[in-house]
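Reader: I have a structure open and would like to go through it with you. Could we begin with the strands and then turn to the cysteines and the core?

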Amino acid sequence: MGIALEGVLRWLDVPMSRRVVIVGGGIVGAALAAELSVHDRLDVVVVERGPASRLLGSTGHAPGFVGLLGDTQAMTELARSSAEIYAGLEYSGQRAFERVGGLEVASSAPAMAEIERRAAMAADLGMQARRLDPEQAAACAPDLVDPASCVGAVHYPQDGTARAGIITAALKQKAVIAGVRFVCDAPVTAMDVRARRVRAVHTPEETFVADDVVLACGVWGPPVAALAGQSLHLVPVGHPYVYGPGLGVTSSSSPFVRWPEHHVYARRHDDRLGMGTYDHVPLPIDVEQLGDQAEQPWHAGLFDPAVERAMDLLPAGQRFDPEERLNGVFAMTADNQPLLGPADDVEGLWVAEALWVTHAAGAARALVKTMLDMPPTIGGLDALRPGRFGGRRHDELTASALRLYRDIYATT
């Protein structure tokens, strides 16, 4: 009946809705839904494996650091675009994003030379970047910077901190008001691909006919892509982040801090401090063993020594015994860049994976422009195409991704 009706509408030359299914309702999926919702003749559905009440993917434990300077101009522009979108969002009276600034701190002369090189690159891209001496850096973030172990820093005033859950809720609300349907507790179990084009998405309860399918399901991307006969190379890894006790004073104005040479980062979360570290042997996670949420038990033998080393970077009076320990799982690629664009072998299949809060909304906007044949506003996105690793061995790609884990905040 539905196919017959489509034929009649085409014969009458009546414009039909283009049916888009987004797989994944985290920050990327919600951003895609919000971007698509402003365009006419689109019927958009978001299918999410988790419940409506909680974000069980990587979005649910994102610490919310938004540093705008990336390895390439394209990544920098995606971050800028994201920050601009976040700055206009709030939900239930809570702001989604604060431009509190970011500090890159050096503990040695070689590290200072590296962050000064990055500052020069930022200036070439039209970004603000101010060099600080140890006392200025400590005054900027007194809870986090110890002037005795700092030789200098660079301050990026346009950086900020985000509340990933608030961003996701605000974007979802915008999309729902515009008519987007969110279907939760709906894992994708199959996809129909005929004549090299995606046709439908199946969940246990419903089948969604589709002209376009966008994969935005984070660490679960590879098994979902496999349902369409596609190989998507992502490496899920565990990552430690700890929260300290309440300090009794709420503050959201302090910049976040990164120590690139030590692979450590920290920020103020309202009334408590949070800290993460990449200074440990990477911990790959088998997605088949992950279950329904992007979180694993704390790996004390691997993470505790790294957290102890990281804690030594703080002023002595601010070092803390963690009250909350999180082993969050996120997806990496072989070149530390996201997968963004059309799938190579299946028409109508799109990929938006390995994206963090920093780039999520900007990447969603850029992908929607591509999907709708609109002129791009950000160049260089072809370097992020999902099929760029074609022909390389799985074990080689995995090894490359794990080598890059420790340098995430040293190079990007």
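Reader: In which sense do β1 and strand β2 pair?

Author: This is a predicted model. In it, β1 and β2 (residues 42-47) run in the parallel sense, paired over 6 bridges. Within that pairing, Val 23 lies opposite Val 47 of β2.

Reader: Which helix makes a β-α-β unit with β1 and β2?

Author: Helix α2, residues 27-36, does so, and the unit is right-handed.

Reader: And how many bridges join β1 and strand β15?

Author: There are 4 bridges between β1 and β15 (residues 212-215), again in the parallel sense. Val 21 faces Val 213 of β15 there.

Reader: Why is β1 described as largely enclosed by the rest of the structure?

Author: Strand β1 spans residues 18-23, and 5 of its 6 residues are buried, so the rest of the structure largely encloses it.

Reader: Which residues have the most contacts inside the largest nonpolar core?

Author: They are Ile 22, Leu 32, Tyr 86, Ile 167 and Val 214, in a core of 64 residues. Separate from it is a second core of 40 residues, which includes Val 45, Val 188, Ala 294 and Ala 354.

Reader: What does Ile 22 touch, leaving aside residues up to four places away in sequence?

Author: Its contacts include Gly 29, Leu 32, Ala 33 and Leu 36. Ile 22 also touches Val 44, Val 45, Val 46 and Val 47, as well as Val 214 and Ala 216.

Reader: On to the cysteines. How many disulfides does the structure hold?

Author: The count is 0. Cys 150, for one, is in no disulfide, and the nearest cysteine sulfur, in Cys 140, is 11 Å away.

Reader: Is Cys 150 buried or exposed?

Author: Cys 150 is buried, as its relative accessible area is 6%.

Reader: Why is there no bond from the sulfur of Cys 184 to the closest cysteine sulfur?

Author: The closest one belongs to Cys 217 and is 14 Å from the sulfur of Cys 184, which is too far for a bond; a disulfide requires the two sulfur atoms to be within 2.5 Å. Cys 184 counts as partly exposed, at 22% relative accessibility.

Reader: One last topic, the open sheet. What is the order of its 3 strands?

Author: The order is β3-β10-β6, with antiparallel pairing. The edge strands, β3 (65-66) and β6 (97-98), each pair on one side only.

Reader: Over how many bridges do β3 and strand β10 pair?

Author: β3 and β10, the latter covering residues 160-162, pair over 2 bridges. Phe 65 stands opposite Thr 161 in β10.

Terms used: Residues are numbered from 1 along each chain as its sequence is written. This is a predicted model: local features need pLDDT of at least 70, side-chain atom pairs count only at pLDDT 80 or more; totals for chains, interfaces and linings use all residues. Side-chain values use heavy atoms; hydrogens and water are left out. Two strands pair if DSSP finds at least two bridges between them. Buried means under 20% relative accessible area, exposed over 50%, partly exposed in between (1.4 Å probe, protein chains only). A crossover is right-handed if, with the strands pointing away from the viewer, the path from the first strand over the helix to the second runs clockwise. A nonpolar core is a set of buried Ala, Val, Leu, Ile, Met, Phe, Trp, Tyr and Cys residues joined through side-chain atoms within 4.5 Å. Contact means heavy atoms within 4.5 Å.
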